[in-house]
Amino acid sequence: MRNTTGNVMSMLAIAVIATAGCNKKEANVPAADSTTMSQAQAVQVNSVDVGRSVGSDMRVTGSGTEFARRDTIYASVATSGTGPATLVARWSFEDGQVVDSTSRSISPMSDAVTEFHITKPSAWPMGKYRVEVMLNGRVAGSQEFMIK
């Protein structure tokens, strides 16, 4: 009987040590993973709007998707998050021909709006256009519009 009791006691001691070791590891785990926190705070594009004008807050005020041949076309890019990022607005015509591409470095502390625009004094060719917004080299949003 002593042998069985000794085995039970040994097993109990091992279980207590293993449990204590597991608890200690859990106590050392940080409350929030720093990778998760940085991803949660990273800049992201929330919307891309096009229009004929922007206000002092850089948001499109005269929104629409149809423009005249001599209009200036504005794009407002709303972002959230913090930290440095690069936004690129790439404007293209029907066949994918790039009309213009503009880059802006941003470092928002919270929600922000960045304005891009294109103009052509000699008049835009009629047809379908697209503005594609990239955030740090990856497509993050787009908007199609027409020149009539």
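Which residue forms a salt bridge with Arg130? In this predicted model, the partner is Glu144, and the closest N and O atoms of the two are 3.2 Å apart. Arg130 belongs to strand β7 and Glu144 to strand β8, with their positions 14 residues apart in the sequence, and the pair links these distant parts of the chain. Arg130 is partly exposed, because its relative accessibility is 29%. Glu144 is also partly exposed, because its relative accessible area is 37%. The contact does not stand alone: Lys128 joins Arg130 and Glu144 in a network of salt bridges.

Side chains of opposite charge can pair when their charged atoms come close. The count of salt bridges in this model comes to five. One of the others is formed by Arg90 and Glu132, whose closest N and O atoms are 2.4 Å apart. Arg90 sits in strand β4 and Glu132 in strand β7, so this salt bridge ties together parts of the chain 42 residues apart in sequence. Is each partner buried or exposed, in whole or in part? Arg90 has a relative accessible area of 28% and is therefore partly exposed. Glu132 is at 17% relative accessibility and therefore counts as buried, the limit being under 20%.

A further salt bridge joins the side chains of Glu66 and Lys148, at 3.2 Å from N to O. Glu66 is in strand β2 (residues 66-67), while Lys148 is in the segment after β8; the two are 82 residues apart, and their pairing links distant parts of the chain. Glu66 counts as partly exposed because its relative accessibility is 43%. Lys148, at 52%, counts as exposed because the limit for that class is over 50%.

The aromatic side chains come next. A search of the whole structure finds five aromatic pairs. In one of them, the ring centres of Phe93 and Tyr129 are 4.8 Å apart and the ring planes stand at 55 degrees, so the pair is tilted. Phe93 lies in strand β4 and Tyr129 in strand β7, and the pair links these distant parts of the chain, 36 residues apart. Phe93 counts as buried because its relative accessibility is 18%. Tyr129 counts as buried because its relative accessibility is 3%.

Tyr129 also pairs with Phe145; here the centres are 5.6 Å apart and the planes are at 10 degrees, so the pair is stacked. Tyr129 is in strand β7 and Phe145 in strand β8, so the rings tie together parts 16 residues apart in sequence. Phe145 has a relative accessible area of 2% and is therefore buried. Which residues make up the aromatic cluster that holds Phe145? Its members are Phe67, Trp91, Phe93, Trp124, Tyr129 and Phe145.

The surroundings of Phe145 can be read from its contacts. Apart from neighbours within four places in sequence, Phe145 is in contact with Val50, Thr65, Phe67, Ile73, Trp91, Gly127, Lys128, Tyr129, Arg130 and Val131. Lys128 and Arg130, both in that list, are also members of the salt-bridge network with Glu144.

Phe145 is also one of the residues with the most contacts inside the largest nonpolar core, along with Ile73, Leu87, Trp91 and Val131. This core has 23 residues. Two or more residues each come from β1, β3, β4 (85-93), β6, β7 (127-135) and β8 (138-147). Strand β4 gives the largest share, five residues.

Three of the strands named above, β1, β3 and β6, form an open sheet in the order β1-β3-β6 with antiparallel pairing. At its edges are β1 (44-51) and β6 (112-118), each of which pairs on one side only. Neighbouring strands of the sheet are turned by 20 degrees against each other on average, with direction ignored. Strand β3 (residues 73-80) pairs with β6 in the antiparallel sense over seven bridges. Tyr74 stands opposite His117 in β6.

Thr79 is another residue of strand β3. Thr79 counts as buried because its relative accessibility is 1%. Beyond residues up to four places away in sequence, Thr79 touches Val43, Gln44, Val45, Asn46, Leu87, Ile106, Ser110, Asp111 and Ala112. Among these contacts, Leu87 is also one of the residues with the most contacts inside the largest nonpolar core.

Definitions and conventions:
Residues are numbered from 1 along each chain as its sequence is written. This is a predicted model: local features need pLDDT of at least 70, side-chain atom pairs count only at pLDDT 80 or more; totals for chains, interfaces and linings use all residues. Side-chain values use heavy atoms; hydrogens and water are left out. Two strands pair if DSSP finds at least two bridges between them. Helices (H or I, at least four residues) and strands (E, at least two) are DSSP runs, numbered from the N terminus. Axes are lines fitted to C-alpha atoms, for helices over the stretch in contact, and angles run from 0 to 180 degrees between N-to-C directions. Buried means under 20% relative accessible area, exposed over 50%, partly exposed in between (1.4 Å probe, protein chains only). Contact means heavy atoms within 4.5 Å. A nonpolar core is a set of buried Ala, Val, Leu, Ile, Met, Phe, Trp, Tyr and Cys residues joined through side-chain atoms within 4.5 Å. A salt bridge is a side-chain nitrogen of Lys or Arg within 4 Å of a carboxyl oxygen of Asp or Glu. Rings of Phe, Tyr and Trp (its six-membered ring) pair if their centres lie within 6.5 Å; planes under 30 degrees apart count as stacked, over 60 as edge-to-face and the rest as tilted.
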